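Student: Hey, I've just opened this one and don't know where to begin. Can you walk me through it?

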Amino acid sequence: PGIVSAYASEAERDAEVSVRPKRLADFIAQHRVRDQLDLLLRGAMGRGAPPDHILLSGPPGLGKTTLANIVAAELGVGIRVTSGPAIERSGDLAAIVTSLAEGDVLFIDEIHRIAKPAEELLYSAMEDFRVDVVVGKGPGATAIPLDVEPFTLVGATTRSGLLTGPMRDRFGFTAHLDFYSSDDLRTLLHRSARILGVPITEEGAAEIAGRSRGTPRIANRLLRRVRDFAEVRADGVVSLETAKAALQVYDVDGLGLDRLDRAVLTALVESFRGGPVGLSTLAVAVGEQPDTVEEVCEPFLVRAGLLARTPRGRVATEAAWQHLGRTPPNGTFG
Ligand code: ADP
């Protein structure tokens, strides 16, 4: 993934562990979600029973995995982590849920990608704490009911619209995580810098926050890259100057756009006079898969007000022309 991708590689997930907040009180911003979760968890603990199943939705890198771990820590229970794509057969899921200890948290990332037969098994596990495991094939097949200890499912999804109705209905608590403000990301950066032992100035934190696309994962990643630069080419302090110089090396511009984002906007503006142009045509113009352009670039470009999706295709907004330092032709955008 690129430097401003909201997705993490395996190696990066390891790097993230050290700065990951462990308790609800350390989780920055998202006050409403925090408050609601606090009530849910305290209520359940007061009754000595596991809380309702929890669905967390929102773009990648905003803290869903972190919150799942926090839920387990606050409840003082174990956590089992898996993901929708990893559960291909219902047997995979049966093995996982029957091995849970009482009260455990089961975290399923990308839960919208779980295979259909496994999803149906999950329903009965969630609702009745029971699963029927089918043994054998054809007429001789028998269903063996197995008990499951009461547990709390924490499901995470970047595409809540893709969840089936029955799945959604089985969550007693749903929270949507939203992009973070620059102020919140500044706070987050100061916290991460403290944990990493990196000196950072107010201006340095503000500069990185402003280029982090509202996403904690990106903020932490840019901090690590600016730290490299500061240590290797400067005095080790993450300041306005080192942040600017480092982010230039990494091709992250003032709005947090990377090379591919800019390529998309530039193609729109230069090759298609601002659009409208179809997604696949645009993708070919920048040499990328349509999926990558649609899922990686566009959400942020749309949110930043640089690109609009219209029924006739993608359109560069006036702000996009300005960001590229060009004058929009009259009346071709909007
Ligand atoms: P997701 O599961 O939504 O993709 P993660 O929970 O893995 O996102 O978060 C990505 C990184 O951002 C983690 O390393 C975590 O430390 C950090 N992070 C996310 N949200 C917060 C927050 N509210 N406060 C502090 N750090 C956060």
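Tutor: Sure, and let's start with a yardstick: a residue is buried if 20 or more other C-beta atoms lie within 10 Å of its own, exposed if 12 or fewer, and partly exposed in between. Keep in mind that this is a predicted model.

Student: OK, so where does R273 fall, with its 14 C-beta neighbours inside 10 Å?

Tutor: R273 counts as partly exposed, because 14 sits in the in-between range. R273 is in the loop between α11 and α12. Its phi is near 50 degrees, a positive value in a residue other than glycine.

Student: Which peptide bond is cis?

Tutor: The one joining G275 and P276, with omega at about 5 degrees. P276 also belongs to the loop between α11 (259-271) and α12 (279-286).

Student: And what's the phi of A29 like?

Tutor: A29 has a positive phi too, near 60 degrees, and isn't a glycine. You'll find A29 in the loop between α1 and α2. With 19 other C-beta atoms within 10 Å, A29 is partly exposed.

Student: Let me zoom out. How many helices and strands does the protein chain have?

Tutor: The count is 14 helices and 9 strands. The C-alpha atoms fill a box of roughly 70 × 50 × 30 Å along the principal axes. Out of 334 residues, 37% count as buried.

Student: What about contacts across the sequence, what share joins residues at least 24 apart?

Tutor: That share is 67%, taken among contacts between residues at least 6 apart in sequence.

Student: Now the inside. How many residues are in the largest nonpolar core?

Tutor: There are 32, and V71, V97, V105, L106 and V154 have the most contacts inside that core. At least two residues each come from β1 (54-57), α3, α4 (90-98), β3 (105-109), α5 (116-128) and β6 (152-157). Helix α3 gives the most, with 5 residues.

Student: Why would nonpolar residues cluster like that?

Tutor: In soluble globular proteins, nonpolar side chains tend to be buried together.

Student: Pick V71, then. What does V71 touch?

Tutor: Leaving out residues up to four places away in sequence, V71 touches L41, I54, V105, T152 and V154. Apart from this core lies another one, of 22 residues, among them A6, Y180, V238 and A243.

Student: Switching topic: there's a ligand in here. Which residues are closest to the ligand?

Tutor: Those are E16, G63, K64, T65 and T66, out of 20 residues that surround the ligand. Helices α3 and α9 (216-233) are the elements that give two or more residues to that shell.

Student: How does the shell split by class?

Tutor: The shell has 10 nonpolar, 6 polar and 4 charged residues.

Student: Which residues does UniProt list as "binding site"?

Tutor: The unreviewed UniProt entry puts that feature at R20, G61, K64, T65, T66, E127, D128, F129, R170, Y180 and R217. They don't all gather at one spot, because they span 198 residues in sequence and the farthest two C-alpha atoms are 37.1 Å apart.

Student: K64 came up twice there. Is K64 buried or exposed?

Tutor: K64 is buried, with 24 other C-beta atoms within 10 Å. K64 is in helix α3 (residues 64-75). Setting aside residues up to four places away in sequence, K64 touches L56, G58, A156 and L177.

Student: And T65, what does T65 touch?

Tutor: With the same neighbours in sequence left out, T65 touches D109 and A156. T65 is in helix α3 as well, and is buried, with 21 other C-beta atoms within 10 Å.

Student: What about R20, where does R20 lie?

Tutor: R20 is in the loop between α1 (10-17) and α2 (31-47). With 18 C-beta neighbours inside 10 Å, R20 counts as partly exposed.

Student: Last one: how many residues of strand β5 are buried?

Tutor: The number is 0 out of 6, so β5 (residues 142-147) lies largely in the open. Strand β4 (residues 130-135) pairs with β5 in the antiparallel sense over 6 bridges, and D132 stands opposite P145 in β5. The hairpin of β4 and β5 has 6 residues between the strands, and G136 takes a positive phi near 85 degrees there.

Methods
Residues are numbered from 1 along each chain as its sequence is written. This is a predicted model: local features need pLDDT of at least 70, side-chain atom pairs count only at pLDDT 80 or more; totals for chains, interfaces and linings use all residues. UniProt positions are given in the numbering used here, feature names are shortened, and annotations may be inferred rather than shown by experiment. Helices (H or I, at least four residues) and strands (E, at least two) are DSSP runs, numbered from the N terminus. Two residues are in contact if their C-beta atoms, placed from the backbone, lie within 7 Å. A nonpolar core is a set of buried Ala, Val, Leu, Ile, Met, Phe, Trp, Tyr and Cys residues joined through C-beta atoms within 7 Å. A residue is near a molecule or strand if its C-beta atom, placed from the backbone, lies within 6 Å of it. Ala, Val, Leu, Ile, Met, Phe, Trp, Tyr, Cys and Pro count as nonpolar, Asp, Glu, Lys and Arg as charged, and the others, Gly among them, as polar. Two strands pair if DSSP finds at least two bridges between them.
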